[in-house]
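User: I've got this chain open in the viewer and I'd like to walk through it with you. Can we take it piece by piece?

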Amino acid sequence: MDYAANIAQLRAQIEQHNHRYYVLDDPSIPDAEYDKLFRALQALEAQHPELVTIDSPTQRVGGAPLKAFAEVHHRTAMLSLNNAFSEEEVRAFDTRIREALDVTEVEYAVEPKFDGLAVTLSYRDGVFVQGATRGDGSVGEEVTENLRTVQSIPLRLTEAIHDVEIRGEVLMFKRDFAKLNEAQRAKGEKEFVNPRNAAAGALRQLDARITASRRLSFFAYGMGICEGVVLPGQHHLQMDLLRQWGVAVTRQRRVVRGVEGLLAYYREIGTQRAALPFDIDGVVYKVNDTLLQQQLGFVSRAPRFAIAHKFPAEEATTTLLDIEVQVGRTGALTPVARLAPVFVGGVTVTNATLHNEDEIRRKDLRIGDTVVVRRAGDVIPEVARVVLERRPADAREFIMPPVCPVCGSQVAKLPDEAVWRCTGGLYCPAQRKQALLHFASRRAMNIDGLGDKLVEQLVDAHIVKTPADLYKLGLLAMINLDRMGEKSAVNLLAGIEKSKHTTLARFIFALGIRNVGETTAKDLAQHFGSLDNLLAADLERLQQVRDVGPVVAQSMADFLAQAHNREVIAQLRVAGVQWAEHDRQVATTLPLAGQTFVLTGTLATLSRDEAKEKLEALGAKVSGSVSKKTNYVVAGAEAGSKLDKAQELGVTVLDEQQFLALLEKEGA
């Protein structure tokens, strides 16, 4: 057997798949198949160590830890770029270029400016032999073994170029950064601040095996020395050539003409920035013609033919002056940082979200601290971290208020939640609009015509404060509202009047009690039979209701413990909101009490909601999934996987005719 030929074939296959996966983002085989090829190569190389070469894919994992990094003197300097921070500075750059070249318009190659670490890769006869950091531009650190672990860096180019230096950026994708910090949290270790810091730390590990575990990536942005091939005379064509050689280059690069083309590209990438899989901090503009680049030359340690147009800073330090609490539309209490004004992300920031109390404790934030504020694109500013070394002696800890700062109701936090919430749902002004919209919704009190804009007007004009106020509205108050004619007002008042006749289940659902959905509301109505029984129930009795556990019971208890909420309920009853009540014995002895049904497919004579209401009126529970506890599955036309599951579990299946016969038999 020709082991050398087999090994060479396996290496070629693996590198081809690496290129498709890491460079083209277009894998052609499953991971398991790739792993099989890789293990086969490892086995052959283990049997024939004399055939192992430095460009083998198996050599990416890293060897013994280094004691220190050696110095590398760059054969051509790795220059930095001058920066532009405004449109005026970009226009001035273009003007300088045009005047120096004595032309009316210039063609530019443009690309994102990666927020990573600049490195240079040296290839001899197409094989990767050395990698180094930029350092001071003249001297860097040799990090060859660490760079070998970066899967998007080819260990062998597709062409055997005699001598070439490829310049580019090592970075960490956002998804890999998230996984790294998730692993750090799981180990109880310190999290990394941002992908750039994580990449920098990984690249400078003395043990390349640690670098390999961090999943770094690489994009090329140019070349230094290149011998053995005639390069095209345009930068964008040189980048195309690198791609042909198997080197990763960004897909976001373009060729544009004139300063308007530069600015249009800047705006385009700015809108894409948050959605990109990696961090960028600006864009780079380069004169595309390489002969013109040489003609323009260099100034100090930067080229005249290129410039970096930076995005506004996304992080800045400032002082945390205070922490206030805002109450959202759903009653959630959110701590908000009041900051000394700071310019970040293109705007002046004075407030930033702190998410919740647990987040404040995790970040160890105290009032008076110097903090780092982050803002990316249109994202709401947040306090990223505290600068502990600047903490003043009088810094104060934040304490969540025991009552709602808006209405004075008690605040509560359920065991499975990180958020504190106001329990004054029907009374709290901060929750007013949301409470009214939910109360009027189709599955609750079903008040036709009471939508967002109308609720907004009623609340802002202080006409309606609680759902009970809806039943006090008169025609005069309604027709004085914007875009509310007499006919619309009459129709709305009729809808409000009609809603007075409802069911106990709908009424309970309409109250908007946290964690109490439609199904739970129906279970509560069936179990207690009357509103008075429900209002008298304690925590223990609430947990006796079918499918009501400790979390739902606590939500109910917290809501009913507030005098404000009970007062609104009393006002609604006085206003004439009513339903047919029955005692608990009747509720539990309905014909289908204790039976669970699942509906699937389309019924010809009933809608899904109508079928559900008829079943629930007979005491049945309607579930969304089939299990061993399911008693019947009603299968209409085009029934799907639920029918298959029912047949698999041996659950009784009813067709539409059988279902209608059952309803008729039980009196529905």
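User: Let's start with a strand pair: in which sense do strand β21 and strand β23 pair, and over how many bridges?

Analyst: Keep in mind that this is a predicted model. Strand β21 covers residues 596–600 and strand β23 covers residues 632–635. One spot to look at is Phe-597, which stands opposite Tyr-632 in β23. The sense is parallel, over 4 bridges.

User: And which way do β23 and strand β24 run, with how many bridges joining them?

Analyst: Strand β24 spans residues 652–654. Look for Val-634, which stands opposite Leu-654 in β24. These two strands run parallel, joined by 3 bridges.

User: What handedness does the unit made by β23, helix α24 and β24 have?

Analyst: Follow the chain from β23 through helix α24, residues 641–649, and on into β24. Those three pieces make a β-α-β unit, and its hand is right-handed.

User: Back to β21: is Leu-599 buried or exposed?

Analyst: Leu-599 sits in strand β21. Leaving aside neighbours within four places in sequence, Leu-599 is in contact with a set of residues including Arg-608, Ala-611, Leu-615, Val-622 and Val-634. Its relative accessibility is 6%, and since the cut-off for buried is under 20%, Leu-599 counts as buried.

User: How far apart are the C-alpha atoms of Leu-599 and Lys-310?

Analyst: Along the chain, these two are 289 residues apart. In space, their C-alpha atoms are separated by 57 Å.

User: Where is Val-626, and what is its relative accessible area?

Analyst: Val-626 is in the loop between β22 (621–623) and β23. Setting aside neighbours within four places in sequence, its contacts include Val-598, Val-633, Ala-646 and Leu-649. The C-alpha atoms of Val-626 and Phe-597 are separated by 8.6 Å, with their positions 29 residues apart along the chain. Val-626 is buried, with a relative accessible area of 12%.

User: Moving to another strand, how many residues of strand β7 are buried?

Analyst: Strand β7 runs over residues 163–171 and pairs with two strands mentioned here. Strand β4 (residues 117–124) is joined to β7 by 8 bridges, running antiparallel, and β7 also pairs with strand β8 (residues 217–227) in the antiparallel sense over 8 bridges. β7 is largely enclosed by the rest of the structure, because the buried count is 9 of the 9 residues.

User: Which residue in β7 is the bridge partner of Tyr-123, and which residue in β8 does Glu-169 stand opposite?

Analyst: For Tyr-123, the bridge partner in β7 is Val-164. For Glu-169, the residue standing opposite in β8 is Phe-219.

User: Why is helix α12 described as largely enclosed, and which helices do its buried residues pack against?

Analyst: Helix α12 covers residues 432–440, and 7 of its 9 residues are buried, so the rest of the structure largely encloses it. The buried ones include Arg-432, Leu-436, Leu-437 and Phe-439. They pack against α13 (452–460), α16 (504–510) and α21 (563–574).

User: What does Asp-523 touch, not counting residues up to four places away in sequence?

Analyst: Asp-523 lies in helix α17, residues 518–528. With a relative accessible area of 7%, Asp-523 is buried. Beyond those sequence neighbours, it touches Val-545, Arg-546 and Asp-547.

User: I'm planning around the cysteines. How many disulfides does a search of the whole structure find?

Analyst: Take Cys-404: the closest cysteine sulfur, in Cys-422, is 3.7 Å from its own sulfur, and that is too far for a bond because the cut-off is within 2.5 Å. Cys-404 is also buried, at 3% relative accessibility. The number of disulfides found is 0.

User: Which cysteine sulfur is nearest to that of Cys-428?

Analyst: Cys-428 counts as buried, at 0% relative accessibility. Cys-428 is in no disulfide, with the nearest cysteine sulfur 3.8 Å away, and that sulfur belongs to Cys-407.

User: Zooming out, what radius of gyration does the chain have?

Analyst: The C-alpha trace spans about 90 × 65 × 55 Å along its principal axes. A compact globule of 668 residues would come out near 26 Å, but the chain has 34 Å.

User: And what share of the residues in the chain is buried?

Analyst: The secondary structure comes to 25 helices and 24 strands. The chain exposes about 32,700 Å², with carbon and sulfur atoms supplying 50% of that area. Out of the 668 residues, the buried share is 47%.

Methods:
Residues numbered from 1 in each chain as written. Predicted model: local features only at pLDDT ≥ 70, side-chain atom pairs only at ≥ 80, totals over all residues. Heavy atoms only, no water. Buried < 20%, exposed > 50% of the residue type's maximum accessible area, 1.4 Å probe, protein only. Contact = heavy atoms within 4.5 Å. Pairing = 2+ DSSP bridges. Right-handed = clockwise from strand over helix to strand, strands pointing away. Rg over C-alpha atoms; globule rule 2.2 N^0.38 Å. Areas by Shrake-Rupley, 256 points an atom, 1.4 Å probe, with all protein chains shown as cover.
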